[in-house]
Amino acid sequence: MGKFIVKTRKDGQFQFNLKATNGQIILTSEAYKAKDSCLAGIASVKKNAPEDKRFEILTAKNGKPYFNLKATNGQVIGTSQMYASMATLKNGIASVKNNAPEAPIIDETVEG
């Protein structure tokens with residue numbers, strides 16, 4: 001089973017990664033000023049991940065595909081890594097859809 005890892009960044013803000021069962025990061029959040037906002041972002045990922053229409057497929061400047069997961073309001077709540085091909089990107093989306101809804105939250109934050 002996948003898991004969400006919540007961490008404190010060097011700048012003191014909070015960020016989460018969704019990791020697949022194999023430990024690979026499959027989705028990364030933006031930086032949040034408050035831990036509660038970060039946790040709300042995870043709740044939004046859990047809610048929106050099952051819906052195909054919430055995934056936006058993009059191409060980076062280097063030509064590699066990646067995706068964003070968006071909330072119902074259109075805000076990006078998570079971004080994938082760059083993928084070697086469209087086939088591996090589709091596997092990444094499937095992994096987010098399978099792992100996110102039931103993934104536990106592991107809090108690795110450091111309190112200031």
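1. Pro-65 is a buried residue in this predicted model, because its relative accessible area is 8%, which falls under the 20% limit for that class. The residue belongs to strand S5. Beyond its neighbours within four places in sequence, Pro-65 touches Leu-58, Thr-59, Gln-81, Met-82, Tyr-83, Ser-85, Met-86 and Leu-89. Glu-108 stands 43 residues away from Pro-65 along the chain, and 30 Å separate the C-alpha atoms of the two.

2. Strand S5, which covers residues 65-70, runs antiparallel to strand S6, residues 76-79, and three bridges join the two. Within this pairing, Leu-69 is placed opposite Gly-78 of S6. The two strands make up a hairpin with five residues between them, and in its turn Gly-74 takes a positive phi of about 90 degrees.

3. For a reader new to the structure, the overall layout may help at this point. The protein chain contains two helices and seven strands, and, read from the N terminus, the order of its elements is β-β-β-α-β-β-β-α-β. The radius of gyration is 13 Å, which agrees with the value near 13 Å that a compact globule of 112 residues would have. Along the principal axes, the C-alpha atoms occupy a box of roughly 40 × 30 × 30 Å.

4. Of the 112 residues in the protein chain, 38% are buried, and the accessible surface amounts to about 6,300 Å², with carbon and sulfur atoms contributing 50% of that area. Among contacts with a separation of 6 or more, 46% are made by residues that lie 24 or more positions apart.

5. Which residues does Thr-109 contact, once neighbours within four places in sequence are left aside? They are Val-6, Lys-7, Thr-8, Phe-14 and Lys-35. Thr-109 sits in the segment after strand S7 (105-107), and it counts as buried because its relative accessibility is 16%, under the 20% limit. Gln-15 is 94 residues from Thr-109 in sequence, yet their C-alpha atoms are 9.1 Å apart in space.

6. The side chain of Thr-109 makes polar contacts with the side chain of Lys-35, at 3.0 Å, and with the side chain of Asp-107, at 2.5 Å. Asp-107 and Lys-35 are in turn joined by a salt bridge between their side chains, with an N to O distance of 2.8 Å. That pair links distant parts of the chain, since Asp-107 is in strand S7 and Lys-35 in helix H1 (residues 35-48), 72 residues apart. Asp-107 itself is partly exposed, with a relative accessible area of 46%.

7. The structure holds seven salt bridges, and another of them connects the side chains of Asp-52 and Lys-97, at 2.2 Å from N to O. Asp-52 is in the loop between H1 and strand S4 (55-59), whereas Lys-97 is in helix H2 (residues 86-99), so this pair ties together parts that are 45 residues apart in sequence. Asp-52 counts as exposed at 55% relative accessibility, while Lys-97 is partly exposed at 25%.

8. Glu-51, Lys-53 and Arg-54 are joined into one network by salt bridges that share partners. One of these bridges lies between Glu-51 and Arg-54, whose closest N and O atoms are 3.7 Å apart. The two residues of this bridge fall into separate accessibility classes: Glu-51 is partly exposed, with a relative accessible area of 29%, whereas Arg-54 counts as buried at 14%.

Terms used
Residues numbered from 1 in each chain as written. Predicted model: local features only at pLDDT ≥ 70, side-chain atom pairs only at ≥ 80, totals over all residues. Heavy atoms only, no water. Pairing = 2+ DSSP bridges. Helix = DSSP H or I, 4+ residues; strand = E, 2+ residues; numbered from the N terminus. Buried < 20%, exposed > 50% of the residue type's maximum accessible area, 1.4 Å probe, protein only. Contact = heavy atoms within 4.5 Å. Polar contact = N/O pair within 3.5 Å; in protein donor to acceptor, adjacent residues only side chain to side chain. Rg over C-alpha atoms; globule rule 2.2 N^0.38 Å. Areas by Shrake-Rupley, 256 points an atom, 1.4 Å probe, with all protein chains shown as cover. Salt bridge = Lys/Arg side-chain N within 4 Å of Asp/Glu carboxyl O.
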